[in-house]
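Work through the exercises below with the sequence and the model open. Each task is followed by a solution in steps.

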There are 4 protein chains.
Amino acid sequence: MSENFINPGDLVLIYLDEKRQFLIQALSKIRLSTDYGDIKLDEIINKEFGFVGKTHLGRNFYCLKPTTGDLMLKIKRKTTIVYPKDLGYLLFATIVGPGSRVIEVGTGSGALTLFLSKIVAPDGIVYSYEKNEVFLELAKRNLEKIEHKSKIEFFLRDVAVDGFIQKNVDAIFIDVPEPWEIVPKAFDSLRNGYHLVSWSPNIEQVKKTVDTLQTFNFVRIKVNEIIQREILVRERGIRPRERGITHTAYLVSATKAAPNSL
Amino acid sequence: MSENFINPGDLVLIYLDEKRQFLIQALSKIRLSTDYGDIKLDEIINKEFGFVGKTHLGRNFYCLKPTTGDLMLKIKRKTTIVYPKDLGYLLFATIVGPGSRVIEVGTGSGALTLFLSKIVAPDGIVYSYEKNEVFLELAKRNLEKIEHKSKIEFFLRDVAVDGFIQKNVDAIFIDVPEPWEIVPKAFDSLRNGYHLVSWSPNIEQVKKTVDTLQTFNFVRIKVNEIIQREILVRERGIRPRERGITHTAYLVSATKAAPNSL
Amino acid sequence: MSENFINPGDLVLIYLDEKRQFLIQALSKIRLSTDYGDIKLDEIINKEFGFVGKTHLGRNFYCLKPTTGDLMLKIKRKTTIVYPKDLGYLLFATIVGPGSRVIEVGTGSGALTLFLSKIVAPDGIVYSYEKNEVFLELAKRNLEKIEHKSKIEFFLRDVAVDGFIQKNVDAIFIDVPEPWEIVPKAFDSLRNGYHLVSWSPNIEQVKKTVDTLQTFNFVRIKVNEIIQREILVRERGIRPRERGITHTAYLVSATKAAPNSL
Amino acid sequence: MSENFINPGDLVLIYLDEKRQFLIQALSKIRLSTDYGDIKLDEIINKEFGFVGKTHLGRNFYCLKPTTGDLMLKIKRKTTIVYPKDLGYLLFATIVGPGSRVIEVGTGSGALTLFLSKIVAPDGIVYSYEKNEVFLELAKRNLEKIEHKSKIEFFLRDVAVDGFIQKNVDAIFIDVPEPWEIVPKAFDSLRNGYHLVSWSPNIEQVKKTVDTLQTFNFVRIKVNEIIQREILVRERGIRPRERGITHTAYLVSATKAAPNSL
């Protein structure tokens, strides 16, 4: 299976140890320098994924296939991004899958866009809205080379004012500082009986969003927080990591009741 | 869009309030009885999703599209199932998506099978292994009517002894009481450079699995726990829910290094 | 040391197993009935603490000294009580100890009163305020037989209106539904440079309390939550308990700046 | 009340803001330098606690009474210390209070010793054991000037080998890398029916300790973890702190059954 080989331009996760891992593009004539020694990228091209090489100082390095989480976290960002740990919630609180037509606002750096494009492929589509031109251009560059790029349509637009262009979409994902301003527009564009998810770091944002959802005939409104805790399993003992991320965002989900049946 | 109407046989989430929600199949002549009044299912067929009706006692009920989480949690089970909150980890710690060929062991009640079939559709496939015939038959019945049923192949087989049939799969998901017994077989069947995830409720299981993964040339081994905490946003005050689930499973992820390059 | 023997009237924790533990008063002629068999309390009087007896069905029971947590949790309550897990915060966020003069409002069922009376003994004092007469009478009955009863003075008084009687106390503990109404009175009665702690289940209560503290020249305002998670260590595996308490209260601490030096 | 004034040699918490707080001894001729300006300690002596002064750059600073938590966390350490958040557990899982005779092993840097000396004062006593002479000398220096210094007796001794000198103590606190080696000695020295608490960062230590406790006729064995989570309450929004401490130690508590009654 030829695709298991590292071709020029492929993204590769070079892994030396927990503190030395690098998501790089496999381009010839590039040299990756680490305190464990240098790696010539020439030498990994045409090797298979999983290849174990040696740095010029004799240390092992592993050429691994980047995970979806790697691709998301390594995206160049000017904004905070949705964390991988929060992604599961987006999936199980909605019904998105292959073929889904979904809306995302705002695009931000494109991390969620990448994830969604993969979930809806090959027949679905992600409509990604952003009102900040600088962010949108960055996101486009970030996503230039991803696999399901054709599943994304970008819109430079202030949704709070102008709304979404599409109607009857299967899910809406809201990642903006004032999600409550988007709720009325989401109500117009979401299919009856279907779901949206919004996330915000602050509790006041959550409160305003929930209040507006109630006003706009959304039901089954739930708020959750997803906490990821790493467990260190080592020779010298098993324990949770001592320091780490303790908060990213609150996740709000809701379902649209049909307006015409009230 | 005709598919937004409730057809006979469709799964519908009937929602009255947080404590009264029912995932049912829309079949005529069925009556759903609740302490808030009865609902004749005849009356919801051919209504659109999102429809708001009244019970015979005059209470509102909502006909909502079941989320992926609803579908998973409502599956008939004889085993514990992977929780929705833990699903995100399965996605971001691997590279599965549309077109992926993945292995799952064991099938259990089929909750994860359902989720994976959706993720890999329309061109991928889920090879689902189970050694307990009773579980396997239950899972088959549970999944008889799901959308992407054709994306699943079931195998009644003791993998710890006989291994997997497929080679070079894109991801392996392990949910058995002794995951360490599966690791050598997973090593044989996973693509070089690709990823597996295993989950277990007990820390001893995690330890043995991690030890075996290290022996079998897996790298980048990580253990995590995902904690979901519900926040109640109500008129009388915002607070986390007072009681709830405090543990489901530890999640172990790892990546296979290529054996021939060592 | 005679005090290590169970005297008539002593509180004893009768322990059979995790699900069968009873805080009782050792009175003759009483029989404790459990599904593991009956225990005649006559038989434990004059035994030493730690005594292991047998029920009439032959099961072991243990006569243990009640912990401070046992005493607190077993108090008869008409109100929610401060949880043992939150007590450490009260101590390390203030400077209370033997000899301290402290104020508590409201008394509630007396659980914290009991704890504080012990901390300030033998030379300190707890001024305990409650505006609900029913609660106050219950608390008095609950605390009738405790060791440091003489260290407590009760006041039936609406502090939000009438303030505290004492000045220059070493710490103030606030457990009322509207703590912000108490803050101005706390400012009048707390020593300059010293500390108060308030706790509330809802985030809106926290916000109002913090805002009022800022208005009233309190500094070093901190809000924390203490989460206790039980780990089950059993033959069949180590894991966190699957279900449990997920929220009790937010804890607010603050220090009073001297008003006359501004 | 003269004691509310800052005397030469008193410990004072100089607070400018969340990131600029200093526990210092009020000695004349000392100057505290901060990026918000300098503070001459001469100027705060004989002021009352709570005094608000100005740095030479015109910033407010507050002279606050150090809390018990401040005193513990600021202790000079060569070892990890018990965290304030874990202290509540020590109290409610035992019956220590004024007048208690308690054992602590190991002394470490003396942080818990300080806390316990306060709890048992004025009539109780803390027997503090340490086998490392360097640690013990440091602890002695750390505690030289504390209020209840006379309530502490130090012992340089390898308890795992030589046991404790005292019998019938009211509680034992174990903070050593191999707590299971101490359990048999704790059994000899603890009062029947009374309680011990041990804490360890790793789960293997917990397992061995629990196993040994079961062997040595301890009952009611419980393991808990206390997680403290800070909530930021700010003008721009309320949210949990984004990064922080995620693990310190597991806490094991147990009660001694009487050996002679079995």
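The exercises concern a predicted model and go from one chain to the contacts between chains.

**Exercise 1. The make-up of chain A**

Task: State how many helices and strands chain A has, and what share of its residues is buried.

Solution.
Step 1. Chain A holds 7 helices and 15 strands.
Step 2. Along the principal axes, the C-alpha atoms of chain A fill a box of roughly 70 × 45 × 35 Å.
Step 3. Of the 262 residues in chain A, 62% are buried.
Step 4. Now take the contacts in chain A with a separation of 6 or more: residues 24 or more positions apart account for 62% of them.

**Exercise 2. One residue of a helix**

Task: Locate A:Val134 in the secondary structure and decide which exposure class A:Val134 falls in.

Solution.
Step 1. A:Val134 is part of helix α4 of chain A, residues 133–142.
Step 2. The class between buried and exposed runs from 20% to 50% relative accessible area.
Step 3. A:Val134 has 47% relative accessibility and therefore counts as partly exposed.
Step 4. For a distance, take A:Ser109: A:Val134 and A:Ser109 are 25 residues apart in sequence, and their C-alpha atoms are 9.7 Å apart in space.

**Exercise 3. A hairpin in chain B**

Task: Describe how β3(B) and β4(B) pair, and sort the residues of β3(B) into a covered and an uncovered face.

Solution.
Step 1. Strand β3 of chain B spans residues 31–34, and strand β4 of chain B spans residues 37–40.
Step 2. The two strands pair in the antiparallel sense over 4 bridges, and a hairpin through 2 residues joins β3(B) to β4(B).
Step 3. One of the bridge pairs is B:Leu32 with B:Ile39 of β4(B).
Step 4. In a regular strand, side chains alternate between the two faces of the sheet.
Step 5. In β3(B), B:Leu32 and B:Thr34 form the covered face, while B:Arg31 and B:Ser33 form the uncovered one.

**Exercise 4. The interface of chains A and B**

Task: Give the extent of the interface between chain B and chain A in residues and in buried area, then find which strand gives the most to the side of chain B.

Solution.
Step 1. Counting residues, 74 of chain B are in contact with 74 of chain A.
Step 2. The two chains bury about 6,300 Å² between them, and 58% of this area is on carbon and sulfur atoms.
Step 3. B:Lys65, B:Phe92 and B:Arg220 lose the most area in chain B to chain A, together 11% of what that side buries.
Step 4. Between the two chains there are 8 salt bridges and 32 residue pairs in polar contact.
Step 5. On the side of chain B that touches chain A, strand β12 (residues 218–234) gives the most, with 14 residues.
Step 6. By type, that side of chain B divides into 37 nonpolar, 19 polar and 18 charged residues.
Step 7. Strand β12 of chain A and β12(B) run antiparallel and are joined by 9 bridges, with A:Arg229 and B:Glu225 as one of the bridge pairs.

**Exercise 5. Salt bridges within and between chains**

Task: Trace the salt bridges of A:Lys85, B:Glu225 and C:Asp70, and say which exposure class their residues belong to.

Solution.
Step 1. The model has 56 salt bridges over all chains.
Step 2. Within chain A, the side chains of A:Lys85 and A:Asp86 meet at 2.8 Å, N to O. A:Lys85 is buried because its relative accessible area is 8%, and A:Asp86 is buried at 2%.
Step 3. C:Arg229 and B:Glu225 form a salt bridge at 2.2 Å, N to O. This pair crosses between chains, from strand β12 of chain C to strand β12 of chain B. C:Arg229 is buried at 8% relative accessible area, and B:Glu225 is buried at 2%.
Step 4. The closest N and O atoms of C:Asp70 and D:Arg220 are 2.7 Å apart. The salt bridge runs from helix α1 (residues 68–73) of chain C to strand β12 of chain D, and both residues are buried.

**Exercise 6. A network**

Task: Starting from the salt bridge of A:Glu18 with B:Lys222, which residues make up the network?

Solution.
Step 1. In the starting pair, N and O are 2.5 Å apart.
Step 2. A:Glu18 and B:Lys222 are linked with A:Glu230 and A:Arg241 in a network of salt bridges.

Terms used:
Residues are numbered from 1 along each chain as its sequence is written. Chains are lettered from A and ligands numbered from 1 in the order in which they are written. This is a predicted model: local features need pLDDT of at least 70, side-chain atom pairs count only at pLDDT 80 or more; totals for chains, interfaces and linings use all residues. Side-chain values use heavy atoms; hydrogens and water are left out. Contact means heavy atoms within 4.5 Å. Buried area is the accessible area (1.4 Å probe) that two parts lose on being put together, summed over both. A salt bridge is a side-chain nitrogen of Lys or Arg within 4 Å of a carboxyl oxygen of Asp or Glu. A polar contact is a pair of N or O atoms within 3.5 Å; within protein, one must be able to donate a hydrogen and the other to accept it, and residues adjacent in sequence count only if both atoms are side-chain atoms. Ala, Val, Leu, Ile, Met, Phe, Trp, Tyr, Cys and Pro count as nonpolar, Asp, Glu, Lys and Arg as charged, and the others, Gly among them, as polar. Two strands pair if DSSP finds at least two bridges between them. Buried means under 20% relative accessible area, exposed over 50%, partly exposed in between (1.4 Å probe, protein chains only).
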